[in-house]
Amino acid sequence: MDHQTQVFLDIGQQVLKDEVESLQNLKATLDEKFAQACELVMGCKGRVIFTGVGHSGHVANKSAANMSSLAKPAYFLHAGEATHGDLGLVQQDDVVVLISNSGETKEVLTILPQIKTLGAKTISITGNMQSTLARESDVALHHGAEEEAGPFKFAGSSSALNTMALCDAMVMAVAAAKGMTGEEYLKAHPGGEVGRKLKEEYKK
């Protein structure tokens, strides 16, 4: 094995090791606040709206899609676009999940007061429980990542991965509580290999 190949493998293994440890930390620190967030989503009479920018925005977008297919009608709201009219998406009966690693992201904090004025409930996911976002949200969740993975501690990795995992856990916990079945999931996901397998299963 040449030197360059060994370097690639060493860095790759270190990143994966760091990310696994970060996820294990999230699992170990999950507490009743997670259940409170699930209860807010479970009781939501409107839509669940995920918002953020940058890496957090990408996680929010994916999580909204996951929520829509499994648990509740959901949308992604780009926090930067929200102040230019898209905030009209938010209604009183909605729950808004605001994602920001720092908890001080300007675009997210700008829309938070308007969301609260509308009467929507708020859940924040952040890496800083002392942040403005955490303090001002109805329920604040820590994503459990103490630092980013690998050699570049300034580049988003573990924080985004943990946030996505936390959103997955929330979506699936709510779906299970609602009694979601494969047959019901098929209604939202009739296409692709997943849809094909479910169709075959429920033909029986």
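This report walks through the predicted model from the whole chain down to three single residues.

Because this is a predicted model, local features need pLDDT of at least 70 and side-chain atom pairs count only at pLDDT 80 or more, while totals for chains, interfaces and linings use all residues. Residues are numbered from 1 along each chain as its sequence is written, and side-chain values use heavy atoms, with hydrogens and water left out.

**The whole chain**

Let's start with the layout. The chain has nine helices and five strands; helices (H or I, at least four residues) and strands (E, at least two) are DSSP runs, numbered from the N terminus. Read from that end, the order is α-α-β-α-β-α-β-α-β-α-β-α-α-α. The radius of gyration comes out at 18 Å, close to the 17 Å of the globule rule for 204 residues, so the chain is as compact as a globular protein of that length. That radius is taken over C-alpha atoms, and the rule is 2.2 Å times the number of residues to the power 0.38. The C-alpha trace spans about 60 × 55 × 35 Å along its principal axes.

Of the 204 residues, 41% are buried. Buried means under 20% relative accessible area, exposed means over 50%, and partly exposed is in between (1.4 Å probe, protein chains only). Among contacts (heavy atoms within 4.5 Å) between residues at least 6 apart in sequence, 69% join residues at least 24 apart.

**Strands E1, E3 and E4**

Now for the strands. E3 (residues 95-99) pairs with E4 in the parallel sense over five bridges, and E1 (residues 48-52) is joined to E3 by four bridges, also running parallel. Two strands count as paired if DSSP finds at least two bridges between them. Here are three of the bridge partners:

| Residue in E3 | Partner | Partner's strand |
|---|---|---|
| valine 95 | lysine 121 | E4 |
| valine 96 | isoleucine 49 | E1 |
| isoleucine 99 | isoleucine 125 | E4 |

How many residues of E3 are buried? Five of its five are, so to speak, under cover. In a regular strand the side chains alternate between the two faces of the sheet. In E3, Val95, Val97 and Ile99 point one way and Val96 and Leu98 the other, and all are buried. E4 (residues 121-126) has five of its six residues buried, so this strand is largely enclosed by the rest of the structure.

**Three residues to look at**

Two of them sit in helix H1 (residues 3-29). Aspartate 18 is in H1, and aspartate 18 counts as buried because its relative accessibility is 15%. Leaving aside neighbours within four places in sequence, aspartate 18 contacts Ala149, Gly150, Lys153 and Ser158. Its C-alpha lies 24 Å from that of valine 53, 35 residues away along the chain.

Serine 22 is also found in H1. At 7% relative accessibility, serine 22 counts as buried. Not counting residues up to four places away in sequence, serine 22 touches Gly144, Ala145, Ser158 and Asn162. Ser158 is thus on the contact lists of both aspartate 18 and serine 22.

Where does asparagine 101 lie? Asparagine 101 is in the loop between E3 and helix H5 (106-118). With 34% relative accessibility, asparagine 101 counts as partly exposed. Beyond four places in sequence, its contacts are Ser56, Thr126, Gly127, Asn128, His143, Glu148 and Ser159. Asparagine 101 and histidine 55 are 46 residues apart in sequence, and their C-alpha atoms are 9.1 Å apart.
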